[in-house]
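Thank you for making time for this at group meeting. I would like to walk you through one structure, and I will try to keep strictly to what its atoms show.

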Amino acid sequence: MIINILTIFPEMFGSVFSSSILGRACAQGLLDIRLTDIRPFSTCKHKNTDDYPFGGGAGMVMMAQPILDAMAAVSADLPDARRIYLGPRGRKLTTAVARDLSAEKSLILLCGHYEGVDQRALDACVDEEISIGDYILTGGELAAMVLTDCVARFIPGVLGSADSPEEESFSDGLLEYPQYTRPRDLNGKTVPEVLLSGDHAKIRAWRRRESLAATLRFRPDLLKSAILSVDDQKTLKELENKCSSES
Ligand code: 4G0
């Protein structure tokens, strides 16, 4: 998958995209991340990319011209790319959105700064706006990194063949069960016995119960849309009863 990121701060992306799983994905050619600096596209004297807002008010607004020209140049190479603007007005990024985007051949991500981008540029050259959550960042770059990371996990091969993004938190709408590694005894705190038993059916059942318990405790709102079997529902009833008799 090709992800082309339009930004006035391309230097922000280096370590994030060269490290760990994303770094490996790029090295293997599963992911091709391209950074396009918007500034050289500015036709202003000093290569400005922002200006004062019409109507007054605090802050600056990114000018349409450099963004339109940068987008035109990038779109010429990637005519079928979905063009996404990272901004707080957008549709919320979720596992489902990331899974859907991971099926695309190419994405173009536009990072805004200051108080945002001239609306006419957005109207002309963006297909959709996506938000990574209900808060404001100083720029869209961190949001673009979050989206890229989240989408990359769903590209076949990126996590390695043994790991599946569908086996993790949120894929079935539940939180993750607790994990343990060596040592078995950490200053008297031991690992749950069942995980050392070698009984894979029992381990699977324990983990499912722990997922349900964690979700009930920390994010009960998720249970409304979680995919639950009849067994899960029985376990939940039991956990709810236990929980209410304790308090
Ligand atoms: C557009 C994304 C972009 C408008 C970007 C700021 C949060 C997110 C930006 C603004 C971002 C998010 C109106 C301040 C750049 N902040 N939640 N900052 N305004 O995804």
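I will take the sheet, then the helices lying across it, then the nonpolar cores, and finally the surroundings of the ligand. Please keep in mind throughout that this is a predicted model.

Let me begin with the sheet, which is open and has 5 strands in the order E2-E1-E6-E5-E7, paired in parallel. At its edges are E2, residues 32–37, and E7, residues 128–131, each of which pairs on one side only. From one strand to the next, the twist averages 35 degrees. If we look at the pairing of E5 with E7, these two strands run parallel and are joined by 5 bridges, and leucine 86 stands opposite isoleucine 130 of E7.

Now to the helices that cross this sheet. Helix H3, which spans residues 64–77, lies across E1, E2, E5 and E6, and it runs at about 165 degrees to E6. Helix H6 lies across E1, E2, E5, E6 and E7, and its direction makes an angle of about 155 degrees with E6.

That brings me to the interior, and to the question of which residues have the most contacts inside the largest nonpolar core. This core has 29 residues, and the ones with the most contacts inside it are Ile5, Leu31, Leu101, Leu107, Leu109, Ile130 and Leu147. At least two residues of the core come from each of strand E1 (2–7), helix H2 (20–27), strand E5 (82–92), helix H4 (95–101), strand E6 (106–111) and helix H6 (141–152), and H6 gives the most, with 6 residues. To make this concrete, take leucine 109: if we set aside its neighbours within four places in sequence, leucine 109 is in contact with Ile3, Asn4, Ile5, Leu6, Ile84, Leu86, Ala144, Leu147 and Thr148. Apart from this core lies another one, of 19 residues, which includes Ile8, Ile108, Leu110 and Val117.

Finally, the ligand, which has 16 residues around it, with Tyr85, Ile132, Gly133, Tyr135 and Leu137 coming nearest. What interests me here is which backbone atoms lie close to its polar atoms, and I can give you three cases. An oxygen atom of the ligand lies 2.8 Å from a backbone N or O atom of isoleucine 132. For glycine 133, a polar backbone atom is 2.8 Å from a nitrogen atom of the ligand, and for tyrosine 135, a polar backbone atom is 3.1 Å from a ligand nitrogen atom.

I will stop there and take your questions.

How values were computed
Residues are numbered from 1 along each chain as its sequence is written. This is a predicted model: local features need pLDDT of at least 70, side-chain atom pairs count only at pLDDT 80 or more; totals for chains, interfaces and linings use all residues. Side-chain values use heavy atoms; hydrogens and water are left out. A nonpolar core is a set of buried Ala, Val, Leu, Ile, Met, Phe, Trp, Tyr and Cys residues joined through side-chain atoms within 4.5 Å. Buried means under 20% relative accessible area, exposed over 50%, partly exposed in between (1.4 Å probe, protein chains only). Helices (H or I, at least four residues) and strands (E, at least two) are DSSP runs, numbered from the N terminus. Contact means heavy atoms within 4.5 Å. Two strands pair if DSSP finds at least two bridges between them. Axes are lines fitted to C-alpha atoms, for helices over the stretch in contact, and angles run from 0 to 180 degrees between N-to-C directions. A residue is near a molecule or strand if one of its heavy atoms lies within 4 Å of it. A polar contact is a pair of N or O atoms within 3.5 Å; within protein, one must be able to donate a hydrogen and the other to accept it, and residues adjacent in sequence count only if both atoms are side-chain atoms.
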